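Me: Hey, could you walk me through this protein model? I'd like to ask about it bit by bit.

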Amino acid sequence: MTVRLWDIYNGQCVRLFTGHKESIQVLAFTPDGHYLASSGVDCSIRVWDLSLAVLVCDFKRHQSTVYSLMFSRDGTILASGGVDECVMIWDTAVFEEEQKRKNASNEGLLGRFLTKSTPIHRLHFTRKNLLLAVGPYINQ
């Protein structure tokens, strides 16, 4: 599967990122616009350097489809969540380190927070950097 970045003024595709094995469900840009994170059914979170058009990181800790990615307002944290009923917090400082080491995967996981039978559908950072997670409670 691919992610395409389009110039909306001339209609041209300016970047093409390939590598996901199954459909992509979510994209998120860092606040400074330097990186793009993508994820979906293949459970991996891929982080791309937009200026160099290269893969920086490939995180593979989720056990099921990832439906939400969100960068903190200052860009220092990436949060991810999905069907596996957990929220993962990633350190974005690892992006530059990983780029130098050529994509050593799964570094930078700061925390993993399980929910009570709630797949995560959306994540949002408030202005005070509080993370909100939303999903349906499934009584089992």
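Reply: Sure, and one term before we begin: a residue is called buried under 20% relative accessible area, exposed over 50%, and partly exposed in between. Also keep in mind that this is a predicted model.

Me: With that in hand, is Ala 53 buried, exposed or partly exposed?
Reply: Start with where Ala 53 sits, which is the loop between β5 and β6. The relative accessibility of Ala 53 is 35%. Partly exposed covers the range between 20% and 50%, so Ala 53 counts as partly exposed.

Me: What is the phi of Ala 53?
Reply: Most residues other than glycine have a negative phi. Ala 53 is not a glycine, yet its phi is positive, at about 60 degrees.

Me: And where does Cys 43 lie, and what is its phi?
Reply: Cys 43 lies in the loop between β4 and β5. With a relative accessible area of 16%, Cys 43 is under the 20% cut-off and so is buried. Cys 43 is a residue other than glycine with a positive phi, near 70 degrees.

Me: Let's turn to the sheets. In what order do the strands run in the open sheet that has β3 in it?
Reply: This open sheet has four strands, with antiparallel pairing. Its edge strands are β3 and β6, since each pairs on one side only. Neighbouring strands here are turned by 20 degrees against each other on average, direction ignored. The order is β3-β4-β5-β6.

Me: Which residue in β5 is the bridge partner of Tyr 35?
Reply: β4 and β5 pair in the antiparallel sense over five bridges. Tyr 35 has its bridge partner in β5, and that partner is Asp 49.

Me: How far from Asp 49 is the nearest side chain of opposite charge?
Reply: Asp 49 lies in strand β5, and it is buried yet has no salt bridge. A salt bridge needs a side-chain nitrogen of Lys or Arg within 4 Å of a carboxyl oxygen of Asp or Glu. For Asp 49, the nearest side chain of opposite charge is Arg 15, at 7.1 Å.

Me: Which backbone nitrogen does the side chain of Asp 49 reach?
Reply: Look for a nitrogen at 3.0 Å from this side chain. The cut-off for a polar contact is 3.5 Å. The backbone nitrogen that the Asp 49 side chain reaches is that of Leu 52.

Me: How many salt bridges are there by that rule?
Reply: Arg 46 pairs with Asp 58, with the closest N and O atoms 3.4 Å apart. Arg 46 lies in strand β5 and Asp 58 in strand β6, so this pair ties together parts that are 12 residues apart in sequence. Asp 58 also forms a salt bridge with Lys 60, again with 3.4 Å between the closest N and O atoms. The count comes to two.

Me: What are the relative accessible areas of Arg 46 and Asp 58, and which residues make up their network?
Reply: Arg 46 is buried, with a relative accessible area of 10%. Asp 58 is buried too, at 7%. Through salt bridges that share partners, one network joins Arg 46, Asp 58 and Lys 60.

Me: Now the open sheet with β8 in it: which are its edge strands?
Reply: This open sheet has four strands in the order β7-β8-β9-β10, with antiparallel pairing. Within it, β8 (residues 77–82) and β9 pair over five bridges, and Gly 81 stands opposite Val 87 in β9. An edge strand pairs on one side only, which leaves β7 and β10 (109–114).

Me: Which residues touch the most other members of the largest nonpolar core?
Reply: That core has 18 residues. Among the elements that each supply at least two of them are β3 (24–29), β6 (54–59) and α1 (94–101). Those touching the most other members are Val 47, Cys 57, Phe 59, Leu 69, Leu 78 and Phe 95.

Me: How many residues are in the other core?
Reply: Another core lies apart from that one. Its members include Ala 79, Val 87, Leu 123 and Phe 125. The number of residues in it is six.

Terms used. Residues numbered from 1 in each chain as written. Predicted model: local features only at pLDDT ≥ 70, side-chain atom pairs only at ≥ 80, totals over all residues. Heavy atoms only, no water. Core = buried A, V, L, I, M, F, W, Y, C linked by side-chain atoms within 4.5 Å. Buried < 20%, exposed > 50% of the residue type's maximum accessible area, 1.4 Å probe, protein only. Helix = DSSP H or I, 4+ residues; strand = E, 2+ residues; numbered from the N terminus. Pairing = 2+ DSSP bridges. Axes fitted to C-alpha atoms, helices over the stretch in contact; angles between N-to-C directions. Lys, Arg positive; Asp, Glu negative; His and termini not counted. Polar contact = N/O pair within 3.5 Å; in protein donor to acceptor, adjacent residues only side chain to side chain.
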